[in-house]
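Here's a quick tour of one protein chain for anyone just starting out with structures. Have a look at the model first, then work through the points underneath.

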Amino acid sequence: MKRMKTILSGAALLGLLSLAAFGQTPAPAPAKQTTKSSKAMKPSKSDADIQADIQKRLSEAPKLKSENISVSVANGVATFTGTVKSSGAKGGVSSLAKAAGAKSVVNNITVEKPAKPAPAAKPAKKP
């Protein structure tokens, strides 16, 4: 009888240990969704389409339409050249190009330095 108690106690202890070990095993990770976001599903624009969109946005932007800015697009990279009157106008083209679909921007725009005022004429000294 004593031997039977020992075997049953051992079996119960083994069962508890195996349940405890099973409880600590992490659950399998949920399967990843294979659907892509709607943004990734959009077909990419051609270089000509991106360039046309940028030029349209430049002509519609109140602070940029009077500036001397040129743009070219190759492999999704928009390259700006020209001169502007303020650094704000120079910085504004990057966000404009990204909104038009450019992958990256090369900004070669220079900011014009304001002309120095001519020195004031000195009054003639009285003798």
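**Starting with a helix**

Helix α4 is made of 14 residues, and from its first C-alpha to its last it reaches 21 Å, close to the 20 Å expected at 1.5 Å a residue. Keep in mind that this is a predicted model. Overall, the chain has four helices and three strands, and along the sequence they come in the order α-α-α-β-β-α-β.

**The chain as a whole**

- Of the 127 residues in the chain, 17% are buried.
- About 10,500 Å² of the chain is exposed, and 62% of that comes from carbon and sulfur atoms.
- If you take the contacts with a separation of 6 or more, 56% of them join residues 24 or more positions apart.

**More on helix α4**

- Which residues of α4 are buried? They are Ala89, Val93, Leu96, Ala97 and Ala100.
- These residues sit on the same side of α4, because they cover an arc of only 100 degrees around the axis.
- An α-helix has 3.6 residues a turn, so residues three or four places apart point the same way.
- Flip to the other side of α4 and you'll find Ser87, Gly88 and Ser95 exposed.
- The buried residues of α4 pack against α3, β1, β2 and β3 (104–111).
- Right after α4 comes glycine 101, which has a positive phi, near 110 degrees.

**Helix α3**

- Helix α3 covers residues 47–60, and at 1.5 Å a residue its 14 residues should span 20 Å; the end C-alpha atoms are 20 Å apart, so the two agree.
- The buried residues here are Ile50, Asp53, Ile54 and Leu58.
- They share the same side of α3, because their arc around the axis is only 135 degrees.
- Ala48 and Glu60 are exposed, on the face of α3 turned away from its buried side.
- So what covers the buried residues of α3? The cover includes β1 (68–74), β2 (77–84) and α4 (87–100).

**Two buried acidic residues**

- Aspartate 53 belongs to helix α3, and it counts as buried because its relative accessibility is 15%, where the cut-off is under 20%.
- Leaving out residues up to four places away in sequence, aspartate 53 touches Lys45 and Ala100.
- Where is glutamate 67? Look in the loop between α3 and β1.
- Glutamate 67 is buried too, with a relative accessible area of 15%.
- Again not counting residues up to four places away, glutamate 67 touches Thr83, Val84, Lys85 and Ala89.
- Between glutamate 67 and serine 86 there are 9.7 Å in space, C-alpha to C-alpha, and they are 19 residues apart in sequence.

**The nonpolar core**

- In soluble globular proteins, nonpolar side chains tend to be buried together.
- How many residues does the largest nonpolar core have here? It has 18, and those with the most contacts inside it are Ile54, Leu58, Leu64, Ile69, Ala78, Phe80 and Val93.
- At least two residues of this core come from each of α3, β1, β2 and α4.
- With five residues, α4 gives the most to this core.
- Take alanine 78 as a case: setting aside its neighbours within four places in sequence, alanine 78 is in contact with Ile54, Val71, Ser72, Val73, Ala97, Ala102, Ser104, Val105 and Val106.

Terms used:
Residues numbered from 1 in each chain as written. Predicted model: local features only at pLDDT ≥ 70, side-chain atom pairs only at ≥ 80, totals over all residues. Heavy atoms only, no water. Buried < 20%, exposed > 50% of the residue type's maximum accessible area, 1.4 Å probe, protein only. Contact = heavy atoms within 4.5 Å. Areas by Shrake-Rupley, 256 points an atom, 1.4 Å probe, with all protein chains shown as cover. Expected span 1.5 Å × (residues − 1). Arc of directions from axis to C-beta. Core = buried A, V, L, I, M, F, W, Y, C linked by side-chain atoms within 4.5 Å.
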